[in-house]
Structure formats: C-alpha cells, structure tokens
Amino acid sequence: MEKNTRSEAAKVIPLVQTSEYFFDRGIKAYKRGNVKKAKRYIERVLQLEPENTVVLCQLAVILTDLGDYQQSNELLQSALQNANQESVYECHYFMANNYAYLGFFQEAKKHALQYINNEKNGRFSQAVEDLLEILSIEMDDIDEEENENEDRLIMQQEKAKLLLEMAQFEEAKELLHEIIEEHPEFWAAYNNLALAHFYTDEYEQAMIYVRKVLESNPGNLHALCNEAVFYYKTGKQDLLEKQLTKLRVVYPISFDHRYKLGVTFAVIGEYSGAYRWLYSLYKKGAARDTTFLYWLSYSAYYIGHENLAKQAWEKLLVSSPEKKGEEPWNIAASRDGIQEVLHYIKQDEEEQFFGLYLLAQMEKEERKTLLTKETEHFLYSPFLKTLSQDMLKSEELPRCLQIALTMKKSLQSEEEKGIVYWYTLYNKARFTEIEMKNISAFAASVVYMFYQSLKRPVPQKKIAQEYGISLTTMSKYIKKIRSVSIVSV
C-alpha cells in the first residue's frame, strides 16, 4: 500500500505559476468576457513584472472596460515613463479614448494627435481618425466655454495643490469647493479638500470628505491613505491598525499610487513599507521632488540603508538647501537638536507639548526658525497652536512652559514622562481658578505628585528644600491641585 502511494505521488506534476501562466489566464478570461477575473490575473502578472509595458497597457484596457478611466490613464502614463519601445505610442490612443469617455475632449484630442504624429500607419490609425472625427463633432456641439471649462478644471486642480503645498489652506478650501460644485464626481478635489480641513484642525469635516469619496469609490487609494494619516495624527490607534491591515496588502502599480502609499507609510512611521514603494520609484528615476527625497531618506535611514539615505538627502539639498539640519540621523545624534523638536512636533498631542518644551530651551531666533507654518500645521490642538504663537510674540515664556522648565532639574531620566504628566494636569488646571503665580511651588508640587504616580514617592520635605519653598507652601499647593480633582494619587 505504501509503495502504491509513493508511486501515485511521483506522478503529481507541480504547477509552476509564472507570469506567462497568469497572463495567459488573464487574456483567456478577458476574451470570455470575465473582465473582473482578467483584472485579478493581470494584476498578479504585474506583481511579478512591475515594469512590463505590455502588461501595464493590458491592465489599463481592462480598467477602461470596467469604467475606471482615471486609474487606466495613470497606468498608461506609467507605461509611457517606463518604455523604450515604439509600441508605447499606443498608450496615447488608449488615453485619448479614456479622456473622451470622461468628457475631457481637449485632452482626448491632444493624445489622439500624439498617436497620429508618431504612428501614421499604426494599427490604430483608422480608429484614431474616427475618434478625431467624433471629437470634432462633439466639440462643435458644445460651445467654446465648455472647452475652456475643461482646461480650467485642470488648472484649478494644479493651483489647489500648490496652495496646499504653500500652507494657504483657506484659499485652497475656497477653490476646491468651487471645483466640487462644478464637478461633483471629481474625487481628487474631495481628497485635497479633506487635507485642507485637516490642516486647519477641522477633523470631523476632513473625515466627512474622505468618507464621501470612499462611499462612491471604495478603492480610492488616496482617500484610504488620507484616512490612515488622520487616524494617526488624532491618536486613533485601533482604527489606524485596521486601516494599515488593508494598506499593507495593497500592491499599487501606477507611479502616483506608489508615491502616495510610500509617503503615507513614512508619515506614520512604517518605514519598511515606505522604503519598498519609494525605492521602487527611485530605481526608475521617476521621482526627484523635495517631499519624495525627504521621505525616501528617512525610510532608508530607519531600516539601515544609511548610504542611500545620505545620497537622497544630498540630492534634496540641491533644490532645498533650507532643509540642512533636518537629516534623519540628527535625531539619533543630538537629543537637544532641532531634529528632535521636529520629531516630537509630528507626534500625538502630549509629545507635541514635549517638543515645544524642548523648543523653549533654545534661543529665540532658533524658535523663529522652527515655528513656521510648515511646523505649525502639525499642531492640531488649538491650544498648542496658541502656545506656539505666544512663544514668538512675548519675550517671556508662557507660564505652563516656565513650570515645565523648572521641573526639569528633578526629573532626570524621567524627563519626557514627567513633562507629559504635567501637560495632562495643566490641560485640566487651565479651566479652573487655580493661580500659577508661584512657579517654584507649582513645579515642586507636580514633581511630588508625578513620583507618587510612579509608585516611587519622594518625601515632600526633600522636594520643598530642593525648590527653596517651605513645606507648608508645598502642602498647600498639593491640596489646591487635588481639591479640583485634577488627578487622583
């Protein structure tokens, strides 16, 4: 019996699932009219051969059949960037069709003419001539104003992106609302509007726009990524983890989607995932802007590719010399440096206060350098925004930071925990009538209560002596704090 079993096992032929195998299955499914199944097979091929122009074009054609014209065009654009063969001109034919379906006749005509100019006798020449004839009829039927509206939409979207990059969020919101009113299914505008609201602390409104996109277009990667960043910045760890479970299995194909996913992973500290997608673009030489190089350098550094991190940073400094001093390795090299402040400013609210506390220890000119609009939009708490502005306006630091700095001498290795503990207390105390004029007494009392919370109590007398106050004064302040139920120790 055992012998027969071995004999049967020997006859089993393993199925080697190569890219050719998946491509063949995909084409057969497509010819049979099973477009969704064809899409799954062709996507599998692209995982094995991500730069194969023929496969990119085939998937783009399938997406067109599924009505996803925008993503189809993104793939065709990637094919145009990757290919070194003449057949790539066929991408212009497919893009012309997609733009025609979307109603962007000017863009459709532009790509149709690009195909004709490069492939006068190509296999789609007659089809393109027919398309151009249809486009001329369509463009005759609509007035010149409508053609101008199409160009205007493209220009408005680019202007809105620029306004976001320049942190002119109110102007961006106004423009994006105009775009959505005129083009209610232009999802890119909704995603950018969500970002504009998020950067101005309007978190609920930001989520409304993201969810509107996902209700109508559930697989919209930009919306999924924005949602993940919003969860991260607002400290919703459980929801973030669920979102990351979805994003970790996404295999983006287009340049735009790889870029978005890579930067998203980098922002939330998932450097391995960030490096995977950003480096795939870097190898092609497809991305060189400041944001790309910034996050590529960070992700490469934090997973151990220091040489690449430094190469990317050197290229970044060519166009953005003002970034000098923000290198990722400076965080590890200097505990009190500029980079550490920036690191904390990009975290949750309590850590952001600790970042301002570190900033308070610097010279005022250094504070001015760091407290720019670029830094401030990370401060999603209105109170922290006001606090940062007060640090610039007044020669004297705000009272809560004076108390934090006074506490420093007693905290030693517990510095960050102690300052975060104080911020939690202060967030409640500022809504009461407790006066904080006696900074030493307040600092001493908070230090005492902090060590109590760690179950490592220090005698009140010892702390009172350290801060040069009487034991009576210190006891009085501890009672004041406890009397309004700020904490229970």
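**Close-up views of an all-helix prediction**

**Figure 1. The whole chain at a glance.** The protein chain has 29 helices and zero strands. What you see here is a predicted model. Of the chain's 489 residues, 48% count as buried. If we take contacts between residues at least 6 apart in sequence, 56% of them join residues at least 24 apart.

**Figure 2. How confident is the prediction, and where does confidence drop?** The mean pLDDT of the protein chain is 79, and 84% of the residues reach 70 or more. Residues 332-336 stay under 50, and the model gives this stretch eight contacts beyond four places in sequence. Residues 485-489 also have a pLDDT below 50; this stretch has 13 contacts in the model beyond near neighbours in sequence. A friendly word of caution for such places: where pLDDT is low, the predicted coordinates should not be read in detail.

**Figure 3. Inside the largest nonpolar core.** This core has 61 residues. Which of them have the most contacts inside it? They are Phe230, Leu247, Phe265 and Phe292. Take Phe230 as your starting point: with neighbours within four places in sequence left aside, Phe230 is in contact with Ala194, Leu195 and Phe198, and also with Ala206, Met207 and Val210.

**Figure 4. A second, separate core.** The chain holds another nonpolar core, separate from the one above and made of 55 residues. Leu425, Phe442, Met449 and Tyr477 are included in this second core.

**Figure 5. A look into the second largest pocket.** The volume of this pocket is about 470 Å³. Its lining consists of 21 residues, and those nearest the centre are Cys57, Val61, Phe94, Arg123 and Phe124. Which helices each supply at least two lining residues? Helix H4 (53-65), helix H5 (69-82) and helix H6 (90-102) do. H4 gives the largest share, with eight residues. Sorted by class, the lining has ten nonpolar, eight polar and three charged residues.

**Figure 6. Leu102 and its surroundings.** Leu102 has its place in helix H6. Is Leu102 buried, partly exposed or exposed? Its relative accessibility is 31%, so Leu102 counts as partly exposed; the buried class would need a value under 20%, and the exposed class one over 50%. Apart from neighbours within four places in sequence, Leu102 is in contact with Tyr69 and Gln70. Gly67 is a useful landmark in this view: Leu102 and Gly67 are 35 residues apart along the chain, and their C-alpha atoms are separated by 9.6 Å.

Key
Residues are numbered from 1 along each chain as its sequence is written. This is a predicted model: local features need pLDDT of at least 70, side-chain atom pairs count only at pLDDT 80 or more; totals for chains, interfaces and linings use all residues. Side-chain values use heavy atoms; hydrogens and water are left out. A nonpolar core is a set of buried Ala, Val, Leu, Ile, Met, Phe, Trp, Tyr and Cys residues joined through side-chain atoms within 4.5 Å. Buried means under 20% relative accessible area, exposed over 50%, partly exposed in between (1.4 Å probe, protein chains only). Contact means heavy atoms within 4.5 Å. pLDDT is the predictor's confidence in each residue, from 0 to 100. On a 1 Å grid over the protein atoms alone, a cavity is a set of points where a 1.4 Å probe fits but cannot get out, and a pocket is an open set with protein on both sides within 12 Å along at least five of seven lines; lining residues have an atom within 4 Å of a point. Grid points are joined across faces, edges and corners, and a volume is the space filled by probe spheres set on the points. Helices (H or I, at least four residues) and strands (E, at least two) are DSSP runs, numbered from the N terminus. Ala, Val, Leu, Ile, Met, Phe, Trp, Tyr, Cys and Pro count as nonpolar, Asp, Glu, Lys and Arg as charged, and the others, Gly among them, as polar.
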